[in-house]
Amino acid sequence: MELFYYRHGVNRTQPEMTRKIIAFYEITAVFDGCLEYLVDGDEYPVSKGDIIFIKKGSVRSRRPFSGANYVSLNFYADTTPDFPVLIRGAVSDTVYALLLAMDGIFRYTRSTEDERFSLLLECLVKQLSAQLRHEAEDP
């Protein structure tokens, strides 16, 4: 996995993200507030504690918003993670800790080229997979 874009948006007004086919994977976690995405024609309101996962080749857009605290990761991967588009309540303590670790590295380096990002991204994907497996086995 290769992370090439990282953004932690905190309470900033964000313009509309226009409709576009993406050539990468996106994971966006919302810590507070709400984001509204349109992915392949379906609307997804992403609220506090939720994660949206957008597959490479999807058509996505996002409505303008303000007041949200979120982290977005754009990355390339050899295999597609088996996640639904919207994962409700996915920001567990472990997921939050992984994202905060990425935040600390980014504040220090101002670059996504640090190897630690790829390692933390792999940990994040494995953690989300484990959480989804656990939820499916023991709802």
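Which residue's side chain does the side chain of T28 join in a polar contact of 3.4 Å? Hold that thought for a moment, everyone, and good morning. What you see above is a predicted model, so please hear everything that follows in that light.

The answer is Y37: the side chains of T28 and Y37 are joined by a polar contact of 3.4 Å. T28 also makes a polar contact, side chain to side chain, with S72, this one at 2.8 Å. You will find T28 in strand β3. With a relative accessible area of 0%, T28 is buried. Setting aside neighbours within four places in sequence, the contacts of T28 are L35, Y37, D50, I51, I52, Y70, V71 and S72. One more distance for T28: its C-alpha atom and that of R7 are 9.3 Å apart, although the two residues are separated by 21 places along the chain.

Let's widen the view to the strand itself. β3 covers residues 25-32, and seven of its eight residues are buried. On one hand, β3 runs antiparallel to β8, residues 69-76, with seven bridges joining them. In that pairing A29 stands opposite V71. On the other hand, β3 pairs with β6, again in the antiparallel sense, over four bridges. There, E26 has I54 of β6 as its bridge partner.

Now put those strands into the sheet. Five strands form an open sheet, with antiparallel pairing, in the order β1-β8-β3-β6-β9. Which strands stand at the edges? They are β1 (2-10) and β9 (86-87); each has a single partner strand, so one side of each is left without a neighbour in the sheet. For β9 the partner is β6, and the antiparallel pairing between them takes two bridges. I51 of β6 has I87 of β9 as its bridge partner.

Next, the helices. α1, residues 93-109, lies across β1, β3, β6 and β8, and runs at about 95 degrees to β1. α2, residues 115-137, packs on the sheet too, touching β1, β3, β6, β8 and β9, with its direction at about 75 degrees to that of β1.

I'd like to stay with α1 for a minute. As a check on its length, 17 residues at 1.5 Å a residue should span 24 Å, and the end C-alpha atoms are indeed 24 Å apart, which agrees. Which residues of α1 are buried? They are V95, L98, L99, M102, D103, I105 and F106. These residues cover an arc of only 170 degrees around the axis, which puts them on the same side of α1. The background is familiar: an α-helix has 3.6 residues a turn, so residues three or four places apart point the same way. The buried residues of α1 pack against β1, β3, β6, β8 and α2. Over on the other side of α1, D93, R107 and Y108 are exposed.

Follow the chain out of the helix. Just after α1, R110 takes a positive phi of about 60 degrees. T112 sits in the loop between α1 and α2. Is T112 buried or exposed? At a relative accessible area of 16%, T112 is buried, the cut-off being under 20%. Beyond its neighbours within four places in sequence, T112 is in contact with L3, F4, Y5, Y6, F106 and F117.

Back to Y37, where we started. Y37 belongs to the covered face of β4 (residues 34-39), along with L35 and V39, whereas C34, E36 and L38 make up the uncovered face. β4 pairs with β5, residues 42-47, in the antiparallel sense over six bridges, and L38 has E43 of β5 as its bridge partner. The two strands form a hairpin with two residues between them, and D40 in the turn has a positive phi of about 50 degrees. β4 also runs antiparallel to β7, joined by three bridges, with Y37 standing opposite R62.

My last stop is S58, in the loop between β6 (51-54) and β7 (59-62). At 7% relative accessibility, S58 counts as buried. A polar atom of the S58 side chain lies 2.9 Å from the backbone oxygen of K55. Apart from its neighbours within four places in sequence, S58 is in contact with K20, I21, I22, V39 and D40. Two of those names are ones we have just met: V39 from the covered face of β4, and D40 from the hairpin turn.

That's my tour; thanks for listening, and I'm happy to take questions.

Conventions: Residues are numbered from 1 along each chain as its sequence is written. This is a predicted model: local features need pLDDT of at least 70, side-chain atom pairs count only at pLDDT 80 or more; totals for chains, interfaces and linings use all residues. Side-chain values use heavy atoms; hydrogens and water are left out. Buried means under 20% relative accessible area, exposed over 50%, partly exposed in between (1.4 Å probe, protein chains only). A polar contact is a pair of N or O atoms within 3.5 Å; within protein, one must be able to donate a hydrogen and the other to accept it, and residues adjacent in sequence count only if both atoms are side-chain atoms. Contact means heavy atoms within 4.5 Å. Two strands pair if DSSP finds at least two bridges between them. Axes are lines fitted to C-alpha atoms, for helices over the stretch in contact, and angles run from 0 to 180 degrees between N-to-C directions. The expected span of a helix is 1.5 Å times one less than its number of residues. The arc is that of the directions from the helix axis to the C-beta atoms.
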